[in-house]
Amino acid sequence: MKKGEPLEAFESLSHIQDVYKPSKEVVENSYVKDYDSLYEFSIKENQKFWDDVAKDLEWYRHYDKVLYSEPPFYKWFTGGKINIVHNALDRHVNSSRKNKLAIIWEGEDGTGRSYTYLSLHKEVNRMANILKSFGIKKGDTVTIYLPNIPEIAVSMLACAKIGAIHSVVYAGFSATALKDRIMDAGSRLLITSDGGYRGGKIVELKKIADEALSGTPFVKTVIMVRRTGHDVPFDESRDFYYDELMNRPGIASTFKTEEMDSEDPLFILYTSGTTGKPKGILHVHGGYAVGIYITSKYVFNINDNDTYWCAADPGWITGHSYIIYGPLINGATTVMVEGSPYYPTCDRWWKIIEKHAVNIFYTSPTAIRGIMRFGEELPNKHDLSSLKILGSVGEPINPEVWRWYYKHIGKERCPIMDTWWQTESGMFLITPVPSMPLKPGSCGKPFPGIDADIFDEEGNPAPPEKGGYLVIKNPWPSMMRTIYKDEKRYIETYFSKYKNAYLAGDTAKKDKDGYFYVMGRIDDVIKVSGYRLGTAEIESALITHEAVAESAVIGKPHKLKGNSIKAFVVLKPGFEKSESLLENIRENVGHTLGPIAKPDEIEFVDSLPKTRSGKIMRRVLKAREMGLSEGDLSTIEED
């Protein structure tokens, strides 16, 4: 969007009239039974609200002050002493939960493992002792480059336990991307594996790591997990086998957890921008623990006897917050699954839900769209009756996908928690709670304690149904503290447009009932003949057609209209590309959203470029279309 340009209304989702009300049983079992009252209190008495939440956790020393404001550098629970691992592990071992399952892991090759809170605690303690033996101490940075296996959780928790900062890099990033992140973080030690499984193939992580470490001055030690057992390069002077270290005589299964200041760094997680180097998002022990604890509890309604599965990867913020730290702080059983949802069979996910009687299932719209291609017959073959709550993350969920998910996976009884948040936020910011009526395509309302709004270009609140910039008007405990080594970029990116308001970088609108609809990133908006059209809305209209499995939309410069719309469409199996089908899809969009939204061009493609977390990279499609540089491709998923 150009500075000073007015924000007109988006094409509305007002054609969506269905509202899904929770059952009496769902409301009765919800932690938040009266959202409106709780939300009103949480905004009026914001610090009291967060203080009450923080008291649920265990502190070595209680904090002196809930919030210390020095915008935009906010500090929470100052003077408090805490360690997130004490709350995620130590305190459970000293309770009735010690023999409860903490992690259930499913490997793509059919292997599996499980850990009780007690056995996980001992494993983490041994790893903490190993890190200490290599000279890693409080404040040092450790890079973790592992697949979705239990050792990634053990490594993260062990780093936090000793006060080291972990920097997890998704297992699939290129050597260049890994090297850039190691260099920026200044990591002294790397934890990786010989490989991992994805779609029946081995991802050569150790070879990639070795290439990344060439010319890297900081890393002196590499710890390698033997996951696949195939031969890989091994440097005797630098490399160590994880299992041999863990089984060394004298490696104790006890370790005194480091007492950390509330504002001490916990982890760095890198997120790519459209240009420039990746941003190292810095999170801290105290506020982050408070935020993910309460969002996990209130949004997923986690109870002691629940089995919870977030089908993301620990290499992303979703995995940090809602596979590992959030569920473990709540004392839940968390499921971790390596590999593809389609291998060895396309119903793998439904088999896992049935096998482990999963109660809460959290995944992305991209994954659901992919699975939808195979029809409802596959989930219908399995007993999914254990499910109580469904979740969605990563991008706006198309209403048609929402309805399919609700009907065929949730069997019209499981509310869908469509969560909006970011790497930078650490926790959910806008989301339903189970007791709230749901609208397909909407991510609900702000989480208690979060004052969200839509601003126009001048910083005025936008009226209902008018699109604008999504902002958060108050600080929250789990917000990023800065961009690592780049405070100037932190201020310019998030706090330069509006005074004392966090600019999320997304465009959105609210309806008359206060429900939020995220339209996409600021650059994912197309202005056509004076109208602003969200790419997410056009893509939602495209996939209402029976032949369309996935879609992506970009804007192209147009002499008359300002921009024209081009759509890239992946067809479902059984449909053949043809001019008549192309025109039929165009007309369907016109019927759904109106003539202004009809794509000027539609190109049938076999796949769409996506990040490894499943987000469609529209900027890559646009760059290719315009013959421009594709920018930072370190997060792209390769075929």
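**Notebook: helix ends, cores and overall build**

I began at the end of helix 12, where Ala-357 follows with a positive phi, near 50 degrees. This is a predicted model, and I read every value below as computed from it.

I then went back into helix 12 itself, residues 348-356. Which of its residues are buried? I found Arg-348, Trp-349, Trp-350, Ile-352, Ile-353 and His-356.

Next I looked up helix 19, which covers residues 618-626. Its buried residues are Arg-618, Val-620, Leu-621 and Ala-623. What do they pack against? I noted helix 17 (535-542) and two strands, strand 30 (548-558) and strand 31 (562-571). Past the end of helix 19 comes Gly-627, with a positive phi near 70 degrees.

I turned to a loop. Gly-215 sits between helix 8 (205-213) and strand 11 (221-225). Is Gly-215 buried or exposed? Its relative accessibility is 66%. The cut-off for exposed is over 50%, so Gly-215 counts as exposed. I also checked its distance to Lys-179, 36 residues away along the chain. The two C-alpha atoms are 9.2 Å apart.

Then I went to the interior. The largest nonpolar core holds 167 residues. Trp-50, Ile-84, Leu-120, Met-127, Phe-300 and Tyr-325 have the most contacts inside it. I picked Phe-300 for a closer look. Setting aside neighbours within four places in sequence, I listed its contacts as Thr-295, Tyr-308, Tyr-322, Ile-360, Tyr-362, Ile-389 and Phe-428. Another core, of 18 residues, lies apart from the largest one. Its members include Tyr-170, Ala-175, Ala-177 and Ala-209.

I closed with the whole chain. I counted 19 helices and 32 strands in the protein. The radius of gyration is 24 Å, and the globule rule gives 26 Å for 639 residues; the two are close, so the protein is as compact as a globular protein of that length. Along the principal axes, the C-alpha atoms fill a box of roughly 75 × 55 × 50 Å.

How much of the protein is buried? Buried residues make up 63% of the 639. I also looked at contacts between residues at least 6 apart in sequence, and 71% of these join residues at least 24 apart.

Last, surface and charge. The exposed area is about 23800 Å², with 49% of it from carbon and sulfur atoms. I noted 81 positive and 86 negative side chains. The centres of these two sets lie 3 Å apart.

Terms used. Residues numbered from 1 in each chain as written. Predicted model: local features only at pLDDT ≥ 70, side-chain atom pairs only at ≥ 80, totals over all residues. Heavy atoms only, no water. Core = buried A, V, L, I, M, F, W, Y, C linked by side-chain atoms within 4.5 Å. Buried < 20%, exposed > 50% of the residue type's maximum accessible area, 1.4 Å probe, protein only. Contact = heavy atoms within 4.5 Å. Helix = DSSP H or I, 4+ residues; strand = E, 2+ residues; numbered from the N terminus. Rg over C-alpha atoms; globule rule 2.2 N^0.38 Å. Areas by Shrake-Rupley, 256 points an atom, 1.4 Å probe, with all protein chains shown as cover. Lys, Arg positive; Asp, Glu negative; His and termini not counted. Charge placed at Lys NZ, Arg CZ, Asp CG, Glu CD.
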